[in-house]
Structures are given as structure tokens and as C-alpha cells.
There are 2 protein chains.
Amino acid sequence: MNSFTEENYLKAIYTLTEQSNSVVSTNAIAEKMNTKAASVTDMLKKLSDKKLINYQKYQGGALSSKGKKVALSIIRKHRLWEMFLLEKLDFKWDEVHDVAEQLEHINSDKLIAQIDKFLNYPKFDPHGEPIPDANGKIQQQRSKSMANYKKNDVLLMTGVVDHSTSFLNYIDKSGLALGNEIRIKDVNEFDRSLQITIGKKNTIFISNDVAKNILAIIK
Amino acid sequence: MNSFTEENYLKAIYTLTEQSNSVVSTNAIAEKMNTKAASVTDMLKKLSDKKLINYQKYQGGALSSKGKKVALSIIRKHRLWEMFLLEKLDFKWDEVHDVAEQLEHINSDKLIAQIDKFLNYPKFDPHGEPIPDANGKIQQQRSKSMANYKKNDVLLMTGVVDHSTSFLNYIDKSGLALGNEIRIKDVNEFDRSLQITIGKKNTIFISNDVAKNILAIIK
DNA sequence: AATATATTTTAGACTTGTCTAAATTTATTT
DNA sequence: AAATAAATTTAGACAAGTCTAAAATATATT
């Protein structure tokens with residue numbers, strides 16, 4: 001088993017390699033982890049001994065496939081717990097992160113499988129971030145704001161940028177919800193407003209301001 | 001904040017003082033915590049410095065009111081999580097303990113308040129153990145098997161001894177459930193079987209064997 | 001290519017929680 | 001009440017994770 005600290009380092013390395021490239025510097029990890037470079041070096045050695053990363057002195061580190069699997073399982077747990085807190089326990093978006101940081105380290109395959117089932121197997125968290133499956137497989141396509149897509153694109157709504165109550169109420173009333181299939185019927189050249197069809201049912205208009213705050217992937 | 005280890009020691013001291021008396025020996029704690037007496041001494045000093053216990057060298061320790069409050073909050077969390085796992089995530093009774101041991105250390109007042117609400121504010125866990133409230137107040141009356149009560153007693157069903165599927169199915173079919181009000185209409189002298197009324201509705205007969213496996217308190 | 005600067009690692013120390021072995025205190029027995 | 005046994009504490013050590021300060025390496029600059 002890995003300690004909480006080891007798990008947090010692996011998660012940090014994963015998210016850093018997402019943004020930049022596959023090798024991460026000691027300093028970058030130190031900043032992310034709110035710790036000192038010397039502490040990071042110690043941990044990189046340890047993770048390397050455990051074959052969780054590939055590490056060469058002075059050259060930074062990258063997750064091994066074993067380490068990547070662990071990182072993805074932590075991220076899976078984090079995102080599922082966030083969904084659970086939001087959907088089942090009426091947490092607000094800004095309250096979920098700290099608690100999920102703790103819950104992500106609970107070690108029970110059955111627990112996370114049941115939470116997944118309880119939530120009806122969500123594929124994205126409400127920020128549009130993909131939730132890795134139990135095998136660590138993760139949707140590669142990144143969610144982008146709906147304003148980025150073009151006429152006739154068929155999308156899957158994966159999240160929202162703005163988590164304010166007023167915005168959430170607005171999309172609710174419009175009939176928009178996570179998991180909806182959305183087809184872009186038309187893009188107004190003048191103000192970039194959109195005409196979209198939700199599922200097979202109603203067609204609505206949304207402003208560019210709203211479109212910017214809705215996240216989706218190509219279906 | 002207290003570490004997981006400190007919380008576990010406080011919980012151990014609490015449960016030990018429940019059984020025996022108010023002062024607990026170093027050895028008793030060592031056995032409960034699966035550790036050595038020397039380690040316990042170190043921790044007793046630390047908990048004493050933090051005013052969580054009253055401790056005199058060679059004289060054992062007892063929880064201070066501050067320590068008792070912490071212990072009760074851990075126990076509250078443990079029992080609420082057990083209920084959650086059983087009732088919402090389809091865990092079996094023998095699967096809940098290990099996971100609850102981890103979850104009880106998650107630190108979030110809102111989380112536990114919402115779990116409590118989600119479960120509709122249960123007062124007893126399914127073993128008949130009382131769940132302390134948010135202020136650390138705990139029902140003092142201990143659950144006893146229904147076979148211990150007498151004619152005309154009005155009871156609150158708080159738990160079951162046997163958690164096998166067959167027994168749980170049986171009480172389900174009989175219309176018995178946690179939280180039911182039960183009135184003992186008659187006790188058969190010969191075989192100690194009971195005639196009981198559940199709520200204001202149906203009256204049923206249960207054998208002494210069944211009664212022994214149902215836990216209740218005087219309402 | 002030599003020097004200056006930035007990054008990373010090492011060395012040694014500290015904290016938390018654990019341990020073994022020895023010393024001390026308390027309890028029990030005769 | 002002295003001797004023995006049992007329980008508890010102390011002393012010193014270890015592992016995990018952190019830190020500061022100094023040394024080593026890599027990168028950038030002229």
C-alpha cells in the first residue's frame with residue numbers, strides 16, 4: 001500500500017504531466033505540493049524505488065505505468081466523491097474540494113464501486129473533467145466550452161464553468177443538464193449566439209456568454 | 001487538530017471505560033490498540049499534555065471532558081458511516097467495519113451533518129448501539145434483547161444481534177424494522193415466545209429464539 | 001568556453017509514532 | 001514486611017516525511 005503522501009505526490013505528478021509534457025521538474029512538484037525541493041527529491045527517490053516513477057537524478061521524473069494507474073485511481077475517487085457531495089449531499093461547488101481531498105484516500109474497492117453505481121456511473125465531473133473508469137481508462141477528449149464548436153456538431157454536455165447558483169438555475173430552467181446530447185443547429189454570425197437542440201426534443205437559443213460557460217465534447 | 005492515531009487512542013479509551021470503570025490501564029489500551037505498553041505510555045503523555053485525558057504516572061488514564069467529546073464525535077462518525085454503507089450502498093454487516101474505521105477520521109462538520117440528514121437522523125446503529133448527537137450527547141439506556149422485557153413494556157427496536165441474510169429476511173417479512181415501536185402484549189410462560197404489536201398495526205407472534213436476536217430499549 | 005545563475009541533491013537535524021531492553025514502581029504472595 | 005511477580009515507564013533506536021544550509025549539477029549569458 002501507498003501512504004497518503006505518496007498518493008498525493010503521484011496525483012500531483014499526474015496533473016502536472018497533463019498540462020506540460022511527460023517529465024516533471026522537482027521545483028514544479030515542490031510548488032504544487034507546497035513543500036521544499038529537498039523534500040521532493042527524497043520522495044522521488046522513494047517512488048522510484050517502488051517503481052511508481054521513472055527518475056534520473058537532476059532530470060525530473062515521470063510516472064511509470066504502475067504509478068499512472070495509482071494516480072488515476074486517486075483521481076477517479078476524488079471526482080466520484082465530488083459528484084456524490086454535490087448531487088446527494090447538497091454541497092456547493094466550492095465546498096467539495098477539501099472534503100474530496102480527504103475522501104480520495106479511503107481504501108475500499110467496494111466502496112468506490114458502490115458510490116459509482118449510486119451516482120449511475122457518471123463519465124464527467126461537473127467541471128467537465130473525465131472520470132477514469134475502474135481500470136484507469138480515461139476519456140482523452142478534453143471538454144471545451146460550447147462556444148468553440150461549429151454548426152452541426154453533435155455534443156455531449158460534460159460540465160459548466162460557472163458554478164454560481166444563478167447560472168445553475170438558468171441552465172436548469174433551459175432544460176440543460178449534464179449528460180445531454182446537444183446538436184448545434186445554427187451559429188449566429190453577428191453575436192455568436194447559438195440555436196441548439198437538446199436530445200431529440202426542444203430547440204433553444206443561448207447567448208455566447210452562456211455558451212462559453214457550458215462544457216462539452218464531440219459525441 | 002488531532003492525528004488519526006490520537007483519535008484512535010481516544011476512541012479505544014472511551015470504549016474501554018464503557019465496559020470497565022473510568023480509569024484504564026496502560027496494558028488494556030496496548031491490547032486494544034495492538035501495540036506495546038511503551039508506545040501507550042508515550043501517547044498517554046501526549047494526550048495528557050493536550051488535556052484530552054487525565055493521567056498520572058503508573059495510575060492509568062481517563063478521558064477529560066474535552067477528550068470524551070472528541071471520542072464521541074469519532075464514534076458518531078463511525079456509526080453513521082456504518083449505517084450509510086449498510087442502508088445506501090448495500091454493504092453486508094461484516095463488510096462495514098473496516099471502511100468505517102477509515103471514514104470516521106474524515107474531518108468535515110458539514111459532511112457528517114449531511115450524512116445524518118440523508119439517513120434521516122438515526123438514533124441507533126444496526127447493532128443497537130446508540131449514535132451520539134452532534135453535541136456528543138448519547139442515549140444512556142443500553143439496548144437489550146427483546147427476551148429481557150416483560151408484558152406491557154413499550155419498546156423501541158434499536159437493532160439485531162444476528163445479521164445473517166436469513167434472519168434479516170425473516171424480520172423484514174414479519175414487518176419488523178429499526179425504529180419501530182413495539183408493545184409486548186403477552187409472554188408465553190412455557191416457551192417464552194412473545195405476542196407483540198408493531199406500531200399501531202399488526203400483532204404477531206415471535207419465538208424466544210427470534211426475540212433473543214432483536215435489540216430494543218424501553219421507549 | 002568561461003562565468004554566473006538557477007535548479008537539484010546531499011547532509012544532518014527534527015517530529016510523530018513505533019519498538020526492544022532495562023529500570024522503576026506497584027501489586028501479590030508467603 | 002520481605003520477596004517475587006506484574007505492570008509501567010524510561011532510554012535509546014528506527015522509519016516516514018519534513019526542513020535548512022551547503023554542495024553539486026545543469027542552464028543561461030556574455
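**Entry 1: surroundings of strand C**

I looked up what surrounds DNA strand C in this predicted model and found 20 residues, the closest being A:Tyr55, B:Ser3, B:Thr35, B:Ser39 and B:Lys46. I then sorted the surface near strand C by class: seven residues are nonpolar, eight polar and five charged.

**Entry 2: which part of the DNA**

I checked which atoms of DNA strand C lie within 4 Å of the protein; 78% of them belong to sugar or phosphate, and the rest to bases.

**Entry 3: single contacts**

I went through individual atom pairs next. In chain A, the side chain of A:Thr41 has an N or O atom 2.7 Å from a phosphate oxygen of DNA strand C. For A:Asn27 I noted a polar backbone atom, 2.8 Å from a phosphate oxygen of the strand. In chain B, an N or O atom in the side chain of B:Tyr58 is 3.5 Å from a sugar or linking oxygen of DNA strand C. I listed the elements that give two or more residues to the surface near the strand: chain A supplies α2 (26-33) and α3 (37-49), and chain B supplies α1 (4-19) and α3 (37-49).

**Entry 4: relation of the two chains**

I superposed chain A on chain B: a turn of 180° with a shift of 0.1 Å along the axis lays one on the other with an RMSD of 0.1 Å. I recorded this as the relation of a two-fold axis. Which residue of chain A comes closest to the rotation axis? I found A:Leu103, with its C-alpha at 3.8 Å.

**Entry 5: the interface**

I compared the interface residues of both chains. The copies meet through the same surface, because 100% of the interface residues of chain A are also interface residues in chain B.

Technical notes: Residues are numbered from 1 along each chain as its sequence is written. Chains are lettered from A and ligands numbered from 1 in the order in which they are written. This is a predicted model: local features need pLDDT of at least 70, side-chain atom pairs count only at pLDDT 80 or more; totals for chains, interfaces and linings use all residues. Side-chain values use heavy atoms; hydrogens and water are left out. A residue is near a molecule or strand if one of its heavy atoms lies within 4 Å of it. A polar contact is a pair of N or O atoms within 3.5 Å; within protein, one must be able to donate a hydrogen and the other to accept it, and residues adjacent in sequence count only if both atoms are side-chain atoms. Helices (H or I, at least four residues) and strands (E, at least two) are DSSP runs, numbered from the N terminus. Ala, Val, Leu, Ile, Met, Phe, Trp, Tyr, Cys and Pro count as nonpolar, Asp, Glu, Lys and Arg as charged, and the others, Gly among them, as polar. Copies are superposed by least squares on the C-alpha atoms of residues with pLDDT of at least 70 in both. Contact means heavy atoms within 4.5 Å.
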